[in-house]
Amino acid sequence: MAVLTALVGVLLAAASVVLGLLVRGEEPGVDRGLHDAALRLGPGFEHAGAVVSFVLSPGLATIVLVSLALRAWLARDVLLVKGAVLLGLCWSTVLARHGYQRVRPVDFPKWSYPSGHVTAVTAVAFTGVVLCGWLARRHLGRAVALAVAAVALTAASRVVLRMHWFTDTVGSVLAVTGVGLVASLALGLLPPGVGSRGEQH
C-alpha cells in the first residue's frame, strides 16, 4: 500500500511537470475555448467568481497554516505539527511557477502556472482530509466532498475571472495531490492506523 501511494504521488507530480512544460509556450485549445467562454458569461458570474476567489484564497491557507502551527505549539500535538508541515509542503508547489514562467491570460505581474489560489486551497483541502481521517474518521466522506467542491469552485472562479488558464488549475491539483501523497507517507500520516487516532476522540 505504501509503495502504491508513493507511486501514485510521484506520477501525479510528474504529470503536473509534464503539463507545465507542454503549455508554457502556447495555450492548448481547451484553454483558449474556456477563456473565450468566460468572456461571454457577463458581470454576474464575474462577481460570483470574485467572491469565491476572495474567500477561497492564499489568505485562507495562511490563516489555516498559522492556526495549525499555533495550536500544535500550544497543545504539543505531534499530529498537528505534521499537519502544518504537510500543508506547507503542498503549498510550496506554487514556487514551480518561476520555472515554467507561463504568461497569464491578462496582464498581471505573476506567472500563471500553477494557479496560486488553486494551489493554496488544494493544499488546505488535502491537509484537512488527511487530518479528518485521523481525528474524525466518520466524517471523512463529507470532508472529501467539501474538499473537492472547494477546489472545483476555486478553479472555476480563476477561469471565470480570466486570471488563469484552465490548465493552470489542473496543474495545481496534480502537483499538490502528488506531493501531498508522498509527504503524507513520509510523515507517517498515510495510510496505516488512520482509524486509531480517531477512536481516541
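Contact here means heavy atoms within 4.5 Å. The model is predicted. Two topics follow: the packing of helix α5 on helix α9, and the salt bridges. By that cut-off, Leu-86, Leu-89 and Cys-90 of α5 meet five named residues of α9: Val-176, Val-179, Gly-180, Ala-183 and Ser-184. The salt bridges number five, and one of them joins Arg-102 to Asp-168, a residue of α9.

**Helix α5 against helix α9**

- Two packed helices are described by the angle between their axes and the distance between the axes.
- Helix α5 spans residues 78-91, and helix α9 spans residues 166-186.
- Their axes come within 9 Å.
- The crossing angle is roughly 145°.
- The crossing of α5 with α9 is right-handed.
- On the α5 side, the contact residues are Leu-86, Leu-89 and Cys-90.
- On the α9 side, they are Val-176, Val-179, Gly-180, Ala-183 and Ser-184.
- Six of the residues in this contact are nonpolar and two are polar.
- No charged residue takes part in the contact of α5 with α9.

**The network around Arg-32**

- Salt bridges link Glu-27, Arg-32 and Asp-36 in a network.
- Arg-32 pairs with Glu-27 at 2.7 Å, N to O.
- Arg-32 also pairs with Asp-36, at 4.0 Å, N to O.
- Arg-32 and Asp-36 both lie in helix α2 (residues 29-39), four residues apart, so about one helical turn separates them.
- Arg-32 is partly exposed, because its relative accessibility is 33%.
- Glu-27 is partly exposed too, with a relative accessible area of 26%.
- Asp-36 has a relative accessible area of 29% and is also partly exposed.

**The Arg-102 to Asp-168 pair**

- The side chains of Arg-102 and Asp-168 form a salt bridge at 2.7 Å, N to O.
- This pair links distant parts of the chain, with the two positions 66 residues apart in numbering.
- Arg-102 sits in the loop between α6 (97-100) and α7 (116-135).
- Asp-168 sits in helix α9.
- Buried means under 20% relative accessible area.
- Arg-102 has 2% relative accessibility, so this residue counts as buried.
- Asp-168 has 0% relative accessibility, so this residue counts as buried as well.

How values were computed
Residues are numbered from 1 along each chain as its sequence is written. This is a predicted model: local features need pLDDT of at least 70, side-chain atom pairs count only at pLDDT 80 or more; totals for chains, interfaces and linings use all residues. Side-chain values use heavy atoms; hydrogens and water are left out. Axes are lines fitted to C-alpha atoms, for helices over the stretch in contact, and angles run from 0 to 180 degrees between N-to-C directions. A crossing is left-handed if the near helix is turned anticlockwise from the far one by less than a right angle, and right-handed if clockwise. Ala, Val, Leu, Ile, Met, Phe, Trp, Tyr, Cys and Pro count as nonpolar, Asp, Glu, Lys and Arg as charged, and the others, Gly among them, as polar. Buried means under 20% relative accessible area, exposed over 50%, partly exposed in between (1.4 Å probe, protein chains only).
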